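Trainee: I'm new to this structure and would like a close look at just one part of it. Could you pick a sheet, walk me through what packs on it, and then show me how the rest compares?

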Amino acid sequence: MRKKQYIMLILGIFVAANLSAQNLSITSPDGHLKLTVADKDKVTYQLSYNGNSVIEQSSLGLSFKSAPAFDESFKIASHKKNSQKSTWQQPWGERKNVIDNHNELLVTFSSNRKKASKYQVRFRLFNDGLGFRYEVAKQKGLSDKIEITSEDTQFNIAKADGATAWWIPARGWNRYEYVYNTSSFNSIDRVHTPFTFKNSEGIHVSIHEAALVNYASMTLNQGRFGELEADLTPWSDGIKVKTSANFKTPWRTVQVSKDAIGLLNSDLILNLNEPNKLGDVSWVEPGKYVGIWWGMHINENTWGSGEKHGATTKETMRYMDFAAKYGFSGVLVEGWNIGWDGSWFHNGDVFSFTKSYDDFDLAKVSEYGLQKGVRLVGHHETSGSVTNYRNQMQDAYDLYAKHGVAQIKTGYVADGSDIKRIDDQGITRYEWHDGQFMVNEYLHSITEAAKRKISINTHEPVKATGLRRTYPNWIAREGARGQEFNAWGTPPNPPEHTAILPYTRLLGGPMDFTPGIFDMSFNGLGDKSNRPQTTLAKQLALYVVLYSPIQMAADLPRNYEANMPAFQFIRDVPTDWQDSIALAGEIGDYVVFARQERDGQDWYLGALTDENAREVEVNLGFLAKGKTYQAQIYRDGDNAEWKNNPYDIAIENKQVTSKDKLTLKLATSGGTAIRFKALD
């Protein structure tokens, strides 16, 4: 063959190879986001915002224990496009009506081999971000028993150099309960999601997942600088996911906004979950509760038996009197059941979920509360011994249902990787809270409770991924550092903590933070002791800023009765909303939310700041036009500051309309809470 012919042949092969590579793209409905899927050297996706790359070309794929991986040998075989715009209603939530508006690209990838030769990825592009998931059909090499050893999804961050990230470590002993780090990408190793960052061009991004069902939680691990890889939490034997044919992964999500508040106004996570599977859920009741809880954290009471035992019949009835008097729907009682004496943290097998201590009469207190319109809020602490809990679950839930208990707070206090289960061979295994086994175990408690019309508030949970849409009785969960760390955490939650949570943890769903502490000085004031590092007004603002359909007035009754004017806001504020709007904020600095009561006219506003005092101007254009409102304002007093003068609070009224603006003066770690009461 002549040299010229040889060169032309090689060029022809090269051209043909490149012609076989494909690029597919879709844009968001508003045109700001663009997704590109390619298969030139390997299967990749790329996401841009207004022409600027947010996620650079990033690999897709899965690896299996007993089958070849979905790797660089795959090419685009076919694709379908679709669009949707619809509105659906939440039975409870931040807003009643949710708009689902997205463009979809379903891509089929195939490889010229005999086993594991086909998979699909479904992409949905919203105005507020991207969701995508793997969909794997039954095929040769992938049938009844599939073991995933890694998910090879990447998130290669554009302009990571100069970006600022807010994150907590993953695969640690304290699950999700860490103080948030604010850092450059240089400091990031393995992190939990939602993982939120602002790139060097000021674009705000949060990577998370939606609809986490029968799969391991996705954490993110940084390899090369700016290259994040999906890092699934393993089983005790090292396998990441155990499944079978026709499986779908959770959605991998990338929320994108030009500013911080755009993340807060996003419904992407909810929209990627399946609709309600429970049918009529009118029995799920949002509301506010008090409880026998804070006294244990500040050492006035004990969970275990003895002279300081908190969960007694007499004490519970006293709390029920308080709840009925001031309009609370429930009383949480922790420490009522046998098992709290001794080293319960290290041995959850001691717990009985049907037998109470001798000084607590479950039937008597529940009946007493029901006569007053107050329900007993149940409590089950497992200490991570989930087999012991599952063996008693049906009887325990039946007992609560018999006595009119409609909500249960469950707890899984145990170090990370220390969840105790007994396998089918009777062998003790230890798992992570966010591994596939526990993902399924948490959901099992939800579906069992739903059979009895009981809602669950999970503490020490797996992270929230929007499953409240599919299972509306999963009414709240913890999953971050809550108020209790202000009693004994060393250090307690810093002032910036609640100015970070809305942009990180709460992007996944509601959090039972338990706000409303009025006594800041149980360990003394100043900045050296364990105490809430906030002003009193900021504690009120938390009820609006940190969303949950169930909110606790967490302090002791006597502390509320000693400050009835401020307590009035907690009595008034709803927990279920017609609409919610983030008005202003910067991650870790401050946040301002306005929320309208469900099926009502009144609006509520909450604003809080970090350790820095600041003024924030708020436009009241969210109020109904043509209406006059009485603004009942609870703000930091002129001399308020969190360290030594947290109690200085000013309460004032003024008339406003949608044409007005308010200047909010926030003290150090301070806040403002406002009720806008419609007058006509």
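Mentor: Let's start with an open sheet of six strands, which in this predicted model runs in the order β31-β32-β33-β38-β35-β36 with antiparallel pairing. The edges belong to β31 (577-586) and β36 (649-656); each has a single partner strand, so one side of each is left without a neighbour in the sheet. On average, neighbouring strands here are turned by 15 degrees against each other, direction ignored.

Now zoom in on one pair. Strand β33 (residues 603-609) and strand β38 (residues 671-678) are joined by six bridges in the antiparallel sense. To find your place along them, look for Gly 606, which stands opposite Ala 673 in β38.

Two helices pack on this sheet. Helix α11 touches β32 (590-597), β33, β35 (629-636), β36 and β38, and its direction makes about 125 degrees with that of β33. Helix α13 touches β33, β35, β36 and β38, with a direction about 125 degrees from that of β35.

The two helices also pack on each other. The angle between α11 (residues 536-545) and α13 (residues 564-572) is about 10 degrees, and their axes are 10 Å apart. Angles under 35 degrees count as roughly parallel, so that is what α11 is to α13. From α11 come Leu 536, Leu 540, Tyr 543 and Val 544, and they meet Ala 566, Phe 569 and Ile 570 of α13. Sorted by class, this contact has seven nonpolar residues, no polar ones and no charged ones.

How enclosed is α11? Ten of its ten residues are buried, so α11 is largely enclosed by the rest of the structure. The buried residues include Lys 538 and Gln 539 as well as Leu 542 and Val 545.

For a single residue to follow, try Ile 674, which lies in strand β38. Ile 674 is buried, with a relative accessible area of 0%. Leaving out residues up to four places away in sequence, Ile 674 touches Phe 569, Trp 603, Tyr 604, Leu 605, Ala 631, Gln 632, Ile 633, Leu 662 and Leu 664. You've met Phe 569 already, as one of the α13 residues in the contact with α11. For a sense of distance, take Asp 349: Ile 674 is 325 residues from Asp 349 in sequence and 47 Å from it in space, C-alpha to C-alpha.

Next, the nonpolar cores. The largest one has 175 residues, and the residues with the most contacts inside it are Phe 123, Phe 155, Phe 185 and Phe 195. Helix α8 (residues 436-450) gives the most to this core, with eight residues. Apart from it lies another core, of 22 residues, and Ile 674 is among them, along with Val 618, Leu 620 and Ala 631. As a general backdrop, nonpolar side chains tend to be buried together in soluble globular proteins.

Phe 155 makes a handy stop in the largest core. With residues up to four places away in sequence not counted, its contacts include Tyr 45, Ile 55, Phe 132, Met 218, Glu 227 and Arg 252. Ile 55 takes us to a hairpin: Ile 55 in β4 is the bridge partner of Leu 47. Strands β3 (residues 44-49) and β4 (residues 52-59) pair in the antiparallel sense over five bridges. Two residues sit between these strands, and Asn 50 takes a positive phi near 50 degrees in this hairpin. β4 also pairs with strand β11 (residues 154-157), again in the antiparallel sense, over two bridges. There, Glu 56 stands opposite Asn 156 in β11.

As for α8, its neighbour is helix α7 (residues 386-402): the two pack at an angle of about 10 degrees, with axes 10 Å apart. That makes α7 roughly parallel to α8. By class, their contact has six nonpolar, three polar and three charged residues.

Finally, set a second open sheet beside the one we began with. This sheet has seven strands in the order β29-β28-β25-β24-β23-β22-β30, and the pairing is parallel. Its edge strands are β29 (474-477) and β30 (550-552), each pairing on one side only. The twist from one strand to the next averages 25 degrees. Within this sheet, β25 (residues 407-411) and β28 (residues 455-459) pair over five bridges in the parallel sense, and Lys 409 has Asn 457 as its bridge partner in β28.

Definitions and conventions. Residues are numbered from 1 along each chain as its sequence is written. This is a predicted model: local features need pLDDT of at least 70, side-chain atom pairs count only at pLDDT 80 or more; totals for chains, interfaces and linings use all residues. Side-chain values use heavy atoms; hydrogens and water are left out. Axes are lines fitted to C-alpha atoms, for helices over the stretch in contact, and angles run from 0 to 180 degrees between N-to-C directions. Helices (H or I, at least four residues) and strands (E, at least two) are DSSP runs, numbered from the N terminus. Angles under 35 degrees count as roughly parallel, over 145 as roughly antiparallel, 65 to 115 as roughly perpendicular and the rest as oblique. Contact means heavy atoms within 4.5 Å. Ala, Val, Leu, Ile, Met, Phe, Trp, Tyr, Cys and Pro count as nonpolar, Asp, Glu, Lys and Arg as charged, and the others, Gly among them, as polar. A nonpolar core is a set of buried Ala, Val, Leu, Ile, Met, Phe, Trp, Tyr and Cys residues joined through side-chain atoms within 4.5 Å. Buried means under 20% relative accessible area, exposed over 50%, partly exposed in between (1.4 Å probe, protein chains only). Two strands pair if DSSP finds at least two bridges between them.
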